[in-house]
Amino acid sequence: MNFVLPAPPPRSEEELLLRARRLAGRKLGELAAERRMVVPADLRRAKGWAGMMLEQALGATAASRAVPDFPDLGIELKSIPVDPRGSPKESTYVCTAPLDGSMPRTWAESWACRKLQRVLWLPIVTAPGQAPGERIVGSAVLWTPDAEEDAILCADYESLTERIDLGEVWDLDARHGVALQLRPKGAHGEDFVWALDAEGQWVQTSPRGFYLRASFTGRVLARRLALPRG
DNA sequence: GACTGATCATGG
DNA sequence: CCATGATCAGTC
């Protein structure tokens, strides 16, 4: 078996899940070695390293393109750092939030909703201070929001987009939203986008993205792992 | 310790 | 340049 090249795309959901389950219990360092990838000493300058390595290992094809990681299956891959108890340590980036009035009015039409319709969560068990190569892949969860989760996300989306519509850009901060929140998303602090403010004037502000709070993701994972069919 | 705001790398 | 992959790091 030659692991150096990216794995071929999985032909079915079952094949993808099987591959993901086979990664459970393995160290990121081992998986990287099989792909002849260098393991960074820490992730300060390699924040997306685990996600990209796992994309390769699973045969994702859509890196850096605005389509799902597995386009034929309509599945998005998200690696998520969790502590040894399984609680996510970080929020999860979903997509950018347009501030120029171009965002869809309803949750169902939104880019965020579409991206979250089918997500393969791959927990990465990370103890405090543990080096990236020592971290262990956990149990994959293929998630589609259930009615309750969808309702929570929908309510957040509608209140956040209403705030964007009001044009109060100074108020577009991460404190709003139960599950979905708005956070800065840029290369650095000087990045900006144009936004329509409350007076209808174009103003500069930092780019924002939609993120899932760690508390929400934690509940999603815990429920699926406790009730594999529920 | 949790949370928000800031930041880093890569690919097309 | 922008979207994807996220985590860092200072503050509350």
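Start with the whole of chain A on screen: among its contacts (heavy atoms within 4.5 Å) between residues at least 6 apart in sequence, 65% join residues at least 24 apart. You're looking at a predicted model, where local features need pLDDT of at least 70, side-chain atom pairs count only at pLDDT 80 or more, and totals for chains, interfaces and linings use all residues. Residues are numbered from 1 along each chain as its sequence is written, chains are lettered from A and ligands numbered from 1 in the order in which they are written, and side-chain values use heavy atoms, with hydrogens and water left out.

**The overall view**

Switch to cartoon and you'll find six helices and nine strands in chain A. Here helices (H or I, at least four residues) and strands (E, at least two) are DSSP runs, numbered from the N terminus. The radius of gyration of chain A is 19 Å, close to the 17 Å that the globule rule gives for 230 residues, so the chain is as compact as a globular protein of that length. That radius is taken over C-alpha atoms, and the rule is 2.2 Å times the number of residues to the power 0.38. Turn the C-alpha trace along its principal axes and the spans come to about 60 × 40 × 35 Å. Of the 230 residues, 41% count as buried; that means under 20% relative accessible area, with exposed over 50% and partly exposed in between (1.4 Å probe, protein chains only).

**Into the cores**

Select Trp 121, Trp 143, Leu 153, Leu 180 and Phe 210 of chain A: these have the most contacts inside the largest nonpolar core, which has 30 residues. Such a core is a set of buried Ala, Val, Leu, Ile, Met, Phe, Trp, Tyr and Cys residues joined through side-chain atoms within 4.5 Å. Helix α5 (residues 147–166) gives the largest share of this core, four residues. Zoom in on Phe 210. Leaving aside neighbours within four places in sequence, its contacts include Tyr 93, Cys 95, Tyr 157, Leu 160 and Leu 180. Then pick Leu 23, Ala 46, Phe 70 and Leu 122, which are among the 22 residues of a second, separate core.

**Two helices to visit**

Color helix α1 (residues 13–23) next; Glu 15, Leu 16, Leu 17, Arg 19, Ala 20 and Leu 23 are buried there. What covers them? Among the elements doing so are α2 (28–34), α3 (49–58), β3 (119–125), β4 (136–137) and β5 (141–143). Just after α1, click Gly 25, with a positive phi of about 90°.

Move on to α3. Seven of its ten residues are buried, so α3 is largely enclosed by the rest of the structure. The buried residues include Trp 49, Met 53 and Leu 58, and they pack against α1, α2, β1 (76–82), β3 and β4. Just after α3, Gly 59 takes a positive phi of about 85°.

**Two loop stops**

In the loop between α2 and α3, find Arg 36. Most residues other than glycine have a negative phi. Yet phi of Arg 36 is near 60°, a positive value. Is Arg 36 buried or exposed? At 61% relative accessibility, Arg 36 counts as exposed.

Finish at Pro 88, in the loop between β1 and β2 (92–97). Pro 88 is buried, with a relative accessible area of 13%. Now show Phe 216 too: the C-alpha atoms of Pro 88 and Phe 216 are separated by 9.1 Å, though the two are 128 residues apart along the chain. Beyond neighbours within four places in sequence, Pro 88 is in contact with residues including Ile 80, Val 82, Ala 214 and Leu 221.
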